[in-house]
Amino acid sequence: MTTLTTTPRADGFRMPAEWESHSQTWMVWPERPDNWRLGGKPAQAAFSAVARAIARFEPVTVCVSAGQYENARARLDQANIRLVEISTDDAWVRDTGPTFVTNASGEVRGVDWAFNAWGGFDGGLYAPWNRDEQVASKILEIERSPRYHTAGFVLEGGSIHVDGEGTLITTEECLLNRNRNPHLSREEIEEVLREHLAIDTVIWLPDGLFNDETDGHVDNFCCYVRPGEVLLAWTDDQNDPNYPRCQAAMRVLESVRDAKGRQLVVHKMPIPGPLYATAAECADVDLVAGSQERSPEVRLAGSYVNFLIVNGGIIAPSFDDAKDEEARAILARVFPEHEVVLVPGREILLGGGNIHCITQQQPAPQQR
Ligand code: KQY
């Protein structure tokens, strides 16, 4: 594998927006029993439904352990779904996989960020995480894609969204958290993002969604739908702990200009629920010291914003909630050129994230 000592920006590479053409989407097969209830069986069914939904639009590669290969192969028996054997700690390839970057000559490379399981020994969600730390480089090796390595700079793909035209959105709650890169200032963090993603402007939302165990990943709260337009999780209920978070985000989004000098159009997306795990669902998760405990008292960070854009489609979670159809209608309105497909997201939410968190798009080579 080639590890480069330059930066993507210096080499003429940039991170494309998610709506730009993909060659495939990556996923990881879930099996960790201290994160997924019942040894991961309901989650495997949920991930399979997501993989099949994506495979209608573009190829999918699922990373799977040796022990689960036969089971996963049988459950994903579809031409457009490839399985590769990779050891992992869990199944969040948005955060453990590479961030792909492209140039105008049709080359694709990847950024391999440092990963510390969302906070290391200061609030992280499991230990050890050494297999997850290796996922990005293994994927790049399989793809024969040159790798940029940010040794010592911790970042998860779910903590950023870009518009492909020079602007990135993130949250202070995550990127400025003392459990990610405490040795760097805000300005130094921006500089790493500028160099590795070829962006010019960073929009800092104060927080992500209430109780998001990633420390407020932006992909569960606010995303781009096209340059100059974002979709923000929203509540008008002043008693909802998300209310001040939504208000604060809106104040920022209404006041900033993006890298092209545009004022943003903000679309609102209702928040489902409030959603909680049942006592039985929590009891089905193995108890392991150092892993995230589950409690029926703790509100889940459910969000319709946690969807994936694929070639011609939007793969979004449903929650068997009264707001599911409103969410579908909003997605159809803001993505009129895409087919909106809702896939049950509750089992993925019980593990701490949703469809965007368990997927990683690989952009198609671009010729400009
Ligand atoms: O949402 C994500 N991007 C990752 C969530 C990890 C949860 C682990 N329990």
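The lining of the largest cavity is made up of 11 nonpolar, 6 polar and 2 charged residues. This cavity belongs to a predicted model, in which 6 cavities of 30 Å³ or more are present. A ligand takes up the space of the second largest cavity. The points below treat the cavities, the ligand, the largest pocket and some features of the backbone in turn.

**The largest cavity**

- The volume of the largest cavity is about 160 Å³.
- Its lining consists of 19 residues, and those closest to the centre of the cavity are Glu18, Ile160, His161, His356 and Gln361.
- Three strands each give two or more residues to this lining: strand E8 (161–162), strand E11 (222–226) and strand E17 (360–363).

**The second largest cavity**

- The second largest cavity has a volume of about 90 Å³, and the space that the ligand takes is this cavity.
- A total of 13 residues line the second largest cavity, and Trp92, Trp118, Leu125, Glu213 and Gly352 lie nearest its centre.
- By class, this lining comprises 5 nonpolar, 5 polar and 3 charged residues.

**The ligand and its surroundings**

- Which residues come nearest to the ligand? Among the 13 residues around the ligand, these are Asn35, Asp95, Glu213, Gly351 and Cys357.
- The shell around the ligand contains 4 nonpolar, 6 polar and 3 charged residues.
- In the side chain of glutamate 213, an N or O atom lies 2.7 Å from a nitrogen atom of the ligand.
- Glycine 351 approaches the ligand through its backbone, where a polar atom is 2.9 Å from a nitrogen atom of the ligand.
- Arginine 294 has a polar side-chain atom at 3.4 Å from a nitrogen atom of the ligand.
- How much of the ligand does the protein bury? The ligand taken alone exposes 300 Å², and 99% of that is buried by the protein.

**The largest pocket**

- The largest pocket holds about 260 Å³ of space.
- It is lined by 16 residues, of which Asn211, Glu213, Arg294, Val298 and Arg299 are the closest to its centre.
- The lining of the largest pocket divides into 5 nonpolar, 6 polar and 5 charged residues.
- Glutamate 213 is thus named in several places: Glu213 is listed close to the centre of the largest pocket, near the centre of the second largest cavity, and among the residues that come nearest to the ligand.
- Arginine 294 is likewise named twice, as Arg294 close to the centre of the largest pocket and as a residue with a polar side-chain atom 3.4 Å from a ligand nitrogen.

**Cis peptide bonds**

- The peptide bond that runs from alanine 127 to proline 128 is cis, and its omega is near -5 degrees.
- Proline 128 belongs to the loop between strand E6 (108–114) and helix H4 (130–142).
- Glycine 273 and proline 274 are also joined by a cis peptide bond, with omega about 20 degrees.
- The loop that contains proline 274 lies between strand E13 (265–270) and helix H8 (279–283).

**Positive phi values**

- Alanine 198 is a residue other than glycine with a positive phi, near 60 degrees.
- Where is alanine 198 found? The position of alanine 198 is in the loop between helix H6 (186–197) and strand E10 (201–205).
- Aspartate 320, which is not glycine, also has a positive phi, near 55 degrees.
- The loop between strand E15 (313–318) and helix H9 (324–334) is the place of aspartate 320.

Note on methods. Residues are numbered from 1 along each chain as its sequence is written. This is a predicted model: local features need pLDDT of at least 70, side-chain atom pairs count only at pLDDT 80 or more; totals for chains, interfaces and linings use all residues. Side-chain values use heavy atoms; hydrogens and water are left out. A residue is near a molecule or strand if one of its heavy atoms lies within 4 Å of it. A polar contact is a pair of N or O atoms within 3.5 Å; within protein, one must be able to donate a hydrogen and the other to accept it, and residues adjacent in sequence count only if both atoms are side-chain atoms. Accessible areas come from the Shrake-Rupley method with a 1.4 Å probe; for residues, only the protein chains shown count as cover. On a 1 Å grid over the protein atoms alone, a cavity is a set of points where a 1.4 Å probe fits but cannot get out, and a pocket is an open set with protein on both sides within 12 Å along at least five of seven lines; lining residues have an atom within 4 Å of a point. A molecule sits in a cavity or pocket if more than half of its atoms lie within 2 Å of its grid points. Ala, Val, Leu, Ile, Met, Phe, Trp, Tyr, Cys and Pro count as nonpolar, Asp, Glu, Lys and Arg as charged, and the others, Gly among them, as polar. Grid points are joined across faces, edges and corners, and a volume is the space filled by probe spheres set on the points. Helices (H or I, at least four residues) and strands (E, at least two) are DSSP runs, numbered from the N terminus.
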